[in-house]
Amino acid sequence: GLYPFTQYSCYVTANTSVGEGSPSVVATAKTVDGILSSPTNVTLLSVGPNTLMAMWSKLLISNLAITGYTVYCNVSANQTYSEQIIGPNVPTVRSTVNGTTQAIMFNTRLDPFTQYECYVTANTSAGEGSPSVIVTAKTAEGVPSGAPSNVVAITITPTSVHVSWHHLPNTSRNGILIAYEVKFSWPLENGQFYANTSGATNQLVLNSLQECVQY
């Protein structure tokens with residue numbers, strides 16, 4: 001068979017039982033691009049709570065004109081792949097780079113501490129090639145994006161107060177919740193005082209407070 005995207009020359013001769021006649025004028029033609037194989041060495045790296053980097057090895061095929069690469073990524077739990085990572089609940093658009101690029105940074109509204117999947121395809125004028133293997137990576141932890149709700153403070157003794165609250169929703173934690181910090185103050189003292197919970201419990205008793213003081 002012929003090779004794709006390759007220039008060929010040809011001519012025609014007439015034949016009798018005696019032999020072959022003179023050759024015709026030479027004609028040339030170039031075959032169209034073929035469909036590429038899949039890119040190799042695809043990796044997906046976390047470079048922050050809202051950023052991933054996809055990398056791959058450039059295809060080195062002399063007889064194919066690679067017009068670009070397309071990178072597809074989405075949240076791992078979602079089996080319908082997006083054409084660019086911009087979060088699990090946001091419509092997405094395709095991200096295509098030129099044929100010499102071997103990496104792309106995704107940093108448009110990615111969710112912190114979230115597992116993503118990614119694969120890469122190569123493109124020619126004939127279309128899109130086979131997908132690469134699927135690779136995964138999790139974005140780094142970030143600071144919580146919400147605040148505890150339903151905070152209640154109840155006096156239990158003249159010098160102690162019980163504080164409780166509703167846990168921060170999982171969607172707002174952006175990482176592994178290790179503790180809560182309760183901040184309190186009173187008018188006769190400058191600044192704030194702090195008390196940390198032991199682990200991710202949703203209640204705390206403030207002790208050794210001043211009697212008859214509004215905190």
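Mentor: Start with accessibility. Buried means under 20% relative accessible area, exposed means over 50%, and partly exposed lies in between (1.4 Å probe, protein chains only). This is a predicted model: local features need pLDDT of at least 70, side-chain atom pairs count only at pLDDT 80 or more, and totals for chains, interfaces and linings use all residues. Residues are numbered from 1 along each chain as its sequence is written, and side-chain values use heavy atoms, with hydrogens and water left out.

Trainee: Is W165 buried or exposed, and how do you know?

Mentor: The relative accessibility of W165 is 5%. The limit is under 20%, so W165 is buried. W165 lies in strand 12. Its C-alpha atom is 5.3 Å from that of N150, and the two residues are 15 apart along the chain.

Trainee: What makes strand 12 a strand?

Mentor: Helices (H or I, at least four residues) and strands (E, at least two) are DSSP runs, numbered from the N terminus. Strand 12 covers residues 160-166, so the run meets the minimum.

Trainee: How do you know that strand 11 and strand 12 pair?

Mentor: Count the bridges. Two strands pair if DSSP finds at least two bridges between them. Strand 11 and strand 12 have six and run antiparallel, so they pair. T157 stands opposite S160 in strand 12. The two strands also form a hairpin, with two residues between them.

Trainee: What joins strand 12 to strand 15?

Mentor: Four bridges, again antiparallel. Four passes the minimum of two, so this too is a pair. Among the facing residues, V161 stands opposite L206 in strand 15, and S164 stands opposite Q203.

Trainee: Which strands are at the edges of this sheet?

Mentor: The sheet is open, with three strands in the order 11-12-15 and antiparallel pairing. Strand 11 (149-157) and strand 15 (203-206) are the edges, each pairing on one side only. The twist averages 20 degrees from one strand to the next. Here axes are lines fitted to C-alpha atoms, for helices over the stretch in contact, and angles run from 0 to 180 degrees between N-to-C directions.

Trainee: Why are strand 3 and strand 7 called edge strands?

Mentor: They belong to an open, antiparallel sheet of three strands, order 3-4-7. Strand 3 (40-48) and strand 7 (103-106) each have a single partner strand, so one side of each is left without a neighbour in the sheet. The twist averages 15 degrees from one strand to the next. Six bridges join strand 3 to strand 4 (residues 51-57). One of the facing pairs is L44 with A54 in strand 4.

Trainee: What makes a site a pocket rather than a cavity?

Mentor: Work on a 1 Å grid over the protein atoms alone. A cavity is a set of points where a 1.4 Å probe fits but cannot get out; a pocket is an open set with protein on both sides within 12 Å along at least five of seven lines. Lining residues have an atom within 4 Å of a point. The largest pocket has a volume of about 440 Å³. Of its 24 lining residues, A153, V161, V163, L206 and Y215 are the closest to its centre. Strand 11, strand 12 and strand 13 (181-184) each give two or more residues to this lining.

Trainee: How many residues of that lining are nonpolar, and what makes them so?

Mentor: Fifteen are nonpolar, six polar and three charged. Ala, Val, Leu, Ile, Met, Phe, Trp, Tyr, Cys and Pro count as nonpolar, Asp, Glu, Lys and Arg as charged, and the others, Gly among them, as polar.

Trainee: Which residues lie nearest the centre of the second largest pocket?

Mentor: P144, R173, L177, I178 and A179, out of 16 lining residues. R173 is an Arg, so it counts as charged.

Trainee: Why is T136 called partly exposed?

Mentor: Its relative accessible area is 41%. That falls between 20% and 50%, so neither outer class applies. T136 sits in strand 10 (residues 135-138).

Trainee: What about T197: buried or exposed?

Mentor: Its value is 7%, so T197 is buried. T197 is in the loop between strand 14 (193-196) and strand 15.

Trainee: How many disulfides does the structure hold?

Mentor: Zero. A disulfide is a pair of cysteine sulfur atoms within 2.5 Å, so no pair meets that limit. As for individual cysteines, C118 is at 0% and buried, while C212 is at 83% and exposed.

Conventions
Grid points are joined across faces, edges and corners, and a volume is the space filled by probe spheres set on the points.
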